[in-house]
Amino acid sequence: MSMFQTPTRVWANAHPEYPGLFEIHSDSGDIALNQVATRQTLEALRASINDALAQDDLRRRRR
């Protein structure tokens, strides 16, 4: 079985009691991740995701 057969859900929520902190959650069914992050960390993650998507788009267009 490929590791890509199980869809993974990933989401973030603003922490209700601590402004400026966020909860990141990920669940693949076998493994779950819960982590607290700052706005700066989420912005860096967003930039990394945007970069990865842009690189993937470029590779797909070259095919």
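These legends accompany a set of close-up views of a predicted model.

**View 1. Strands E1 and E2 pair side by side.** Let us start with strand E1, which covers residues 9-14. E1 and E2 run antiparallel to each other and are joined over 6 bridges. Two of the pairings can be picked out by name: Ala 12 has Ile 24 in E2 as its bridge partner, and Ala 14 is matched with Phe 22 in E2. How many of the 6 residues of E1 are buried? The number is 0, so E1 lies largely in the open.

**View 2. The turn between E1 and E2.** Here we move to the link between these two strands. E1 and E2 make a hairpin, with 6 residues between them. Look out for Gly 20 in the turn, where phi is positive at about 90°.

**View 3. Strands E2 and E3 meet over 7 bridges.** Strand E2 takes in residues 21-27 and strand E3 residues 32-38, and the two pair in the antiparallel sense. To find your bearings, follow two of the partners across: Glu 23 faces Val 36 of E3 as its bridge partner, while Ser 26 has Leu 33 of E3 in that role. The hairpin of E2 and E3 has 4 residues between the strands. In this hairpin, Gly 29 takes a positive phi near 100°.

**View 4. Ser 26, a buried residue of strand E2.** Is Ser 26 buried or exposed? Ser 26 has a relative accessible area of 17% and counts as buried because the cut-off for that class is under 20%. Ser 26 sits in strand E2, and its bridge partner in E3 is Leu 33. For a sense of distance, compare its place with that of Asp 56: the C-alpha atoms of Ser 26 and Asp 56 are separated by 22 Å. Along the chain, these two residues are 30 residues apart.

**View 5. The largest pocket and its lining.** The largest pocket has a volume of about 160 Å³. Its lining is made up of 13 residues, and those closest to its centre are Val 10, Ile 24, Leu 42, Leu 45 and Ile 49. Which elements each supply at least two residues of this lining? They are E1, E2, E3 and H1. Helix H1 gives the largest share of the lining, with 4 residues. Ile 24 may be familiar from the first view, as the bridge partner of Ala 12.

**View 6. A nonpolar patch on the surface.** Leu 45, Ile 49 and Leu 53 come together here as a nonpolar surface patch. Their accessible area together is about 260 Å². Ile 49 is found in helix H1, which spans residues 39-62. With a relative accessible area of 43%, Ile 49 is partly exposed. Two members of this patch, Leu 45 and Ile 49, are also among the residues closest to the centre of the largest pocket.

**View 7. Glu 43 between two arginine partners.** Side chains of opposite charge can pair when their charged atoms come close. The model has a count of 3 salt bridges, and two of them involve Glu 43. The side chains of Glu 43 and Arg 39 form a salt bridge at 4.0 Å, N to O. Both residues lie in helix H1, 4 residues apart, or about one turn of the helix. Glu 43 also forms a salt bridge with Arg 46, at 2.8 Å, N to O. Arg 46 and Glu 43 are 3 residues apart in H1, again about one turn. How exposed are these side chains' residues? Glu 43 is partly exposed at 34% relative accessible area, Arg 46 is partly exposed at 47%, and Arg 39 is exposed at 52%.

**View 8. Arg 60 and Asp 56 in a salt bridge.** Further along helix H1, the side chains of Arg 60 and Asp 56 meet at 2.7 Å, N to O. The two residues are 4 residues apart in H1, which means that about one helical turn separates them. Asp 56 is partly exposed, with a relative accessible area of 29%, whereas Arg 60 is exposed, with a value of 58%. Returning to the previous view, salt bridges with shared partners join Arg 39, Glu 43 and Arg 46 into one network.

Technical notes: Residues are numbered from 1 along each chain as its sequence is written. This is a predicted model: local features need pLDDT of at least 70, side-chain atom pairs count only at pLDDT 80 or more; totals for chains, interfaces and linings use all residues. Side-chain values use heavy atoms; hydrogens and water are left out. Patches are made of residues with over 30% relative accessible area and no salt bridge: like charges are joined within 9 Å, nonpolar side chains (Val, Leu, Ile, Met, Phe, Trp, Tyr) within 5 Å. Accessible areas come from the Shrake-Rupley method with a 1.4 Å probe; for residues, only the protein chains shown count as cover. Buried means under 20% relative accessible area, exposed over 50%, partly exposed in between (1.4 Å probe, protein chains only). Two strands pair if DSSP finds at least two bridges between them. On a 1 Å grid over the protein atoms alone, a cavity is a set of points where a 1.4 Å probe fits but cannot get out, and a pocket is an open set with protein on both sides within 12 Å along at least five of seven lines; lining residues have an atom within 4 Å of a point. Grid points are joined across faces, edges and corners, and a volume is the space filled by probe spheres set on the points.
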